[in-house]
Amino acid sequence: MILVSRGGGEYYSTLMTMSSEEVKEAVRNYVEGGSTVYTDEYPSYNILDEAGYTHESVNHSKGEYVRGDVHI
């Protein structure tokens with residue numbers, strides 16, 4: 001998983017399964033709580049709202065790659 005800051009910087013985290021818990025832990029290691037996180041529609045990212053982040057996503061399977069400020 002690669003986390004890229006819009007202000008610069010890239011953070012890499014190796015995840016074994018991409019489970020919701022692994023995603024949550026990786027994001028907590030690199031992203032300040034309360035930040036907005038942009039992702040695609042992969043279901044494991046849905047936990048981010050519960051983890052204290054604002055989560056916005058685009059739905060690639062429906063041909064959506066950008067919606068306003070939301071893009072990955």
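**Exercise 1. Work out how lysine 24 and glutamate 21 are joined, and where the two residues sit.**

*Step 1.* Start with the contact: lysine 24 and glutamate 21 bring their side chains together in a salt bridge, with 3.3 Å from N to O. Keep in mind that this is a predicted model.

*Step 2.* Place the partners. Both residues belong to helix H1, three residues apart, which is about one turn of the helix.

*Step 3.* Check the accessibility. Lysine 24 has 16% relative accessibility, so this residue counts as buried, the cut-off being under 20%. Glutamate 21 comes out at 47% and is partly exposed.

*Step 4.* For a sense of scale, take glutamate 21 and histidine 60: they are 39 residues apart in sequence, and their C-alpha atoms are 23 Å apart in space.

**Exercise 2. Find which residues are linked in a network of salt bridges, and trace the links.**

*Step 1.* Get the total: the structure has three salt bridges. The general idea is that side chains of opposite charge can pair when their charged atoms come close.

*Step 2.* Take glutamate 56, which forms a salt bridge with arginine 67; their closest N and O atoms are 3.7 Å apart. This pair connects distant parts of the chain, with glutamate 56 in strand E4 and arginine 67 in strand E5 (residues 66-67), eleven residues apart.

*Step 3.* Now look at glutamate 64, whose side chain meets that of arginine 67 in a salt bridge of 2.9 Å, N to O.

*Step 4.* Put the pieces together: Glu56, Glu64 and Arg67 make a salt-bridge network.

*Step 5.* Add the accessibilities. Glutamate 56 is partly exposed at 31%, arginine 67 is partly exposed at 36%, and glutamate 64 is partly exposed at 23%.

**Exercise 3. Classify the aromatic pairs by ring geometry.**

*Step 1.* Count them: there are two aromatic pairs.

*Step 2.* Try tyrosine 11 and tyrosine 30. Their ring centres are 5.3 Å apart and the planes make an angle of 25°, so this pair is stacked; the cut-off for stacking is under 30 degrees. The pair bridges distant parts of the chain, as tyrosine 11 is in strand E2 (residues 10-12) and tyrosine 30 is in helix H1, 19 residues apart.

*Step 3.* See how open these two are. Tyrosine 11 is partly exposed at 34%, and tyrosine 30 is partly exposed at 36%.

*Step 4.* Next come tyrosine 42 and tyrosine 45, with 6.0 Å from centre to centre and 70° between the planes, an edge-to-face pair. Here tyrosine 42 is partly exposed at 38%, whereas tyrosine 45 is buried at 13%.

**Exercise 4. List what makes up the largest nonpolar core, and say which helix gives the most to it.**

*Step 1.* Collect the members. The core has eleven residues: Leu3, Leu15, Val23, Ala26, Val27, Val31, Val37, Tyr45, Leu48, Ala51 and Tyr53. As background, nonpolar side chains in soluble globular proteins tend to be buried together.

*Step 2.* Find the top contributor: helix H1 (residues 20-30) gives three residues, the most of any element.

*Step 3.* Zoom in on valine 27. Leaving out residues up to four places away in sequence, valine 27 touches Met1, Leu3, Val37, Leu48 and Tyr53.

**Exercise 5. Sort the residues of strand E3 by face, then find the strand that pairs with E3 and follow threonine 39.**

*Step 1.* Recall the pattern: in a regular strand, side chains alternate between the two faces of the sheet.

*Step 2.* Apply the pattern to E3 (residues 36-39). Val37 and Thr39 are on the covered face, while Thr36 and Tyr38 are on the uncovered one.

*Step 3.* Look for the partner. Strand E4 (residues 54-57) pairs with E3 in the parallel sense, over four bridges, and threonine 36 is opposite threonine 54 of E4.

*Step 4.* Go to threonine 39, which is buried with a relative accessible area of 5%. Its side chain has a polar contact of 2.7 Å with the side chain of histidine 55.

*Step 5.* Finish with the surroundings. Again leaving out residues up to four places away in sequence, threonine 39 touches Tyr45, Leu48, His55, Glu56, Ser57, Val58 and Ile72. Two of these names have come up before: Tyr45 and Leu48 are members of the largest nonpolar core.

Terms used:
Residues are numbered from 1 along each chain as its sequence is written. This is a predicted model: local features need pLDDT of at least 70, side-chain atom pairs count only at pLDDT 80 or more; totals for chains, interfaces and linings use all residues. Side-chain values use heavy atoms; hydrogens and water are left out. A nonpolar core is a set of buried Ala, Val, Leu, Ile, Met, Phe, Trp, Tyr and Cys residues joined through side-chain atoms within 4.5 Å. Buried means under 20% relative accessible area, exposed over 50%, partly exposed in between (1.4 Å probe, protein chains only). Helices (H or I, at least four residues) and strands (E, at least two) are DSSP runs, numbered from the N terminus. Contact means heavy atoms within 4.5 Å. Two strands pair if DSSP finds at least two bridges between them. Rings of Phe, Tyr and Trp (its six-membered ring) pair if their centres lie within 6.5 Å; planes under 30 degrees apart count as stacked, over 60 as edge-to-face and the rest as tilted. A salt bridge is a side-chain nitrogen of Lys or Arg within 4 Å of a carboxyl oxygen of Asp or Glu. A polar contact is a pair of N or O atoms within 3.5 Å; within protein, one must be able to donate a hydrogen and the other to accept it, and residues adjacent in sequence count only if both atoms are side-chain atoms.
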